[in-house]
Amino acid sequence: MANRTAAHEAWRALRDLVKPRLTDLFESDGSRLEKLSARLELGEGGVLFDWSKTHLDDAHLGAFEALSEAMDFAGARSSLLSGGIVNPTEGRAAEHTAQRGVGDPDSVELAGTLHARMAGLVEAIHKGLLGEVKHLIHIGIGGSALGPALAVDALARHGAMVDVHVVSNIDGCALEEAFAACDPQTTMIAVASKTFTTIETMTNAQSALAWLQAAGVSDPFGRVVALTASPDKAVEWGVDETRVLPFSESVGGRYSLWSSIGFPVAMALGWPDFAEMLEGAAVMDRHFAETEGRDNLPLRAAFADLYYTHLRGCQTRAVFAYDERLALLPDYLQQLEMESNGKSVTADGEPIDEPTAPITWGGVGTDAQHAVFQLLHQGTNLVPIDFIAAVVPGDDLDEAHHRILLSNCFAQGAALMQGRQSDDPARSYTGDRPSATILIDELAPASFGALIAFHEHRTFANAVLMGINPFDQFGVELGKDIARQIEAGDVKFDASTEALLKAAGIAS
Ligand code: F6P
């Protein structure tokens, strides 16, 4: 149970702390790097997390630990990991970790049964038992698309077992692009939707069926797999029950990569690699479950996040992957963090007058250096940055490529922190700009799984410390309602909206 008075005290203590420059923090504490960095071991290889270039010091870490005690972080975590109701507005548990074998025993068992069913179908398709399958068009949106798109792009660049195309947008250009790249005779369609009602997904799925039919595929529905928490709706829509892969209602959309929503990942990589991805995530789950205070990596990341939003007024947080394979990671994290914690009421419905989730944005290094880093080095906004890179290259070209990539990544962190003075103001760098670095030994299914699970738990830790429910998303509903209203022909709005509808020929 959270103790709000103790939480206010912890925030007051945090506000009173002095704010030394990053370079002074290194000078005054010779063991800073040791204290602020840590490795998560994953059997083969691991991941290094380095927060030493953030403004967190012993005093901040201690005060944030007091805040986490006041907000009953340990109680909330245990609720999350035991299948308790952590989504009070919808009366639900959030059991994504059960998909990885960590959680309520009954939920873990159910996830295992559903995974076995999924593995069976994946293996049958790979063996050709459902006819020749060379391409998979995965249709879903938001949490039903971003995770699969990221994982396939990150892990299946060299020799995917099936060529996967993820289509989310209702804009027909997206689906047409996939059609152009696939032969309908050897294409399977995966319809991924937790609710199986999302208009974009169902419209795209219908058009994909029409495409198969127009190409002479005799039984278009025979080429469709459904990935959903609403199996009855999928069957009603026309998918044969044997190709419906269900997952539990208690797995949230943006946390669903580990469930049957990960079907295209298993299709591209093969089941053993998918299972390794789950196990990598489970290593992070166990670390998160068993480690206390500042040593808990997702919790420490949340300390840094809250420091910058609440104590330094930062409205955005940037993520730069110095790895082409992780180019979609900022998009994935945007949904995870902004849909979870972009709230203005607490879990009890009380208004929040403090900042909540910052805007997550980012890109890929080194490209971003030549586009947006000017503002990061010399702009008036303070933007905390996460750099993410891997020691082992993902390419087979001359080693210069990877060496230059990593040198640039580390140079940015150093430059942002050090700054450089000049007599010419236009050529001066203030420095003291924070960054954290996540350095993966090798980007592989297990390390990828751990990286994503780290961010899920970081998001949850942020929510607990802010008193937010990170598992609902009512903010997306109003716009959907109004779009439905327009589709139904009700076009009475303000003058601007009416004029736009008329200009587009939707209203007369
Ligand atoms: O509109 C938001 C949202 O509900 C997301 O939370 C979800 O990931 C996405 O839409 C897709 O929903 P579904 O999987 O039910 O189609």
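In this predicted model, the sulfur of C409 lies 20 Å from the closest cysteine sulfur, which belongs to C314, and this is too far for a bond. A disulfide is a covalent bond between the sulfur atoms of two cysteines. The cut-off applied to such a pair of sulfur atoms is 2.5 Å, so the separation of 20 Å between C409 and C314 rules out a disulfide for C409. C314 likewise takes part in no disulfide, its nearest cysteine sulfur being that of C409. Searching the whole structure gives zero disulfides. Both cysteines are buried: the relative accessible area is 1% for C409 and 4% for C314.

Strand β8 covers residues 316-321 and strand β9 covers residues 359-364. These two strands run parallel and are joined by six bridges. Within this pairing, R317 stands opposite T360 of β9. The connection from β8 to β9 passes through helix α14, formed by residues 329-341. The resulting β-α-β crossover is right-handed.

The loop between α14 and β9 contains T356. This threonine is buried, with a relative accessible area of 13%, a value that falls under the 20% limit for that class. Beyond its neighbours within four places in sequence, T356 is in contact with T309, N341, G342, K343, M466 and I468. Two of these residues, N341 and K343, also offer backbone oxygens to the side chain of T356. A polar atom of that side chain lies 3.4 Å from the backbone oxygen of N341. For the backbone oxygen of K343, the distance to a polar atom of the T356 side chain is 2.8 Å. The C-alpha atom of T356 is separated by 14 Å from that of Q334, and the two residues are 22 positions apart along the chain.

The model also includes a ligand, which is surrounded by 13 residues. The closest of them are S144, S193, K194, T195 and T198. Polar contacts to oxygen atoms of the ligand come from both backbone and side chains. A polar backbone atom of G143 is 2.8 Å from a ligand oxygen atom. In the side chain of S144, an N or O atom is 2.6 Å from an oxygen atom of the ligand. For T195, a polar side-chain atom lies 2.6 Å from an oxygen atom of the ligand.

Technical notes: Residues are numbered from 1 along each chain as its sequence is written. This is a predicted model: local features need pLDDT of at least 70, side-chain atom pairs count only at pLDDT 80 or more; totals for chains, interfaces and linings use all residues. Side-chain values use heavy atoms; hydrogens and water are left out. Buried means under 20% relative accessible area, exposed over 50%, partly exposed in between (1.4 Å probe, protein chains only). Two strands pair if DSSP finds at least two bridges between them. Helices (H or I, at least four residues) and strands (E, at least two) are DSSP runs, numbered from the N terminus. A crossover is right-handed if, with the strands pointing away from the viewer, the path from the first strand over the helix to the second runs clockwise. Contact means heavy atoms within 4.5 Å. A polar contact is a pair of N or O atoms within 3.5 Å; within protein, one must be able to donate a hydrogen and the other to accept it, and residues adjacent in sequence count only if both atoms are side-chain atoms. A residue is near a molecule or strand if one of its heavy atoms lies within 4 Å of it.
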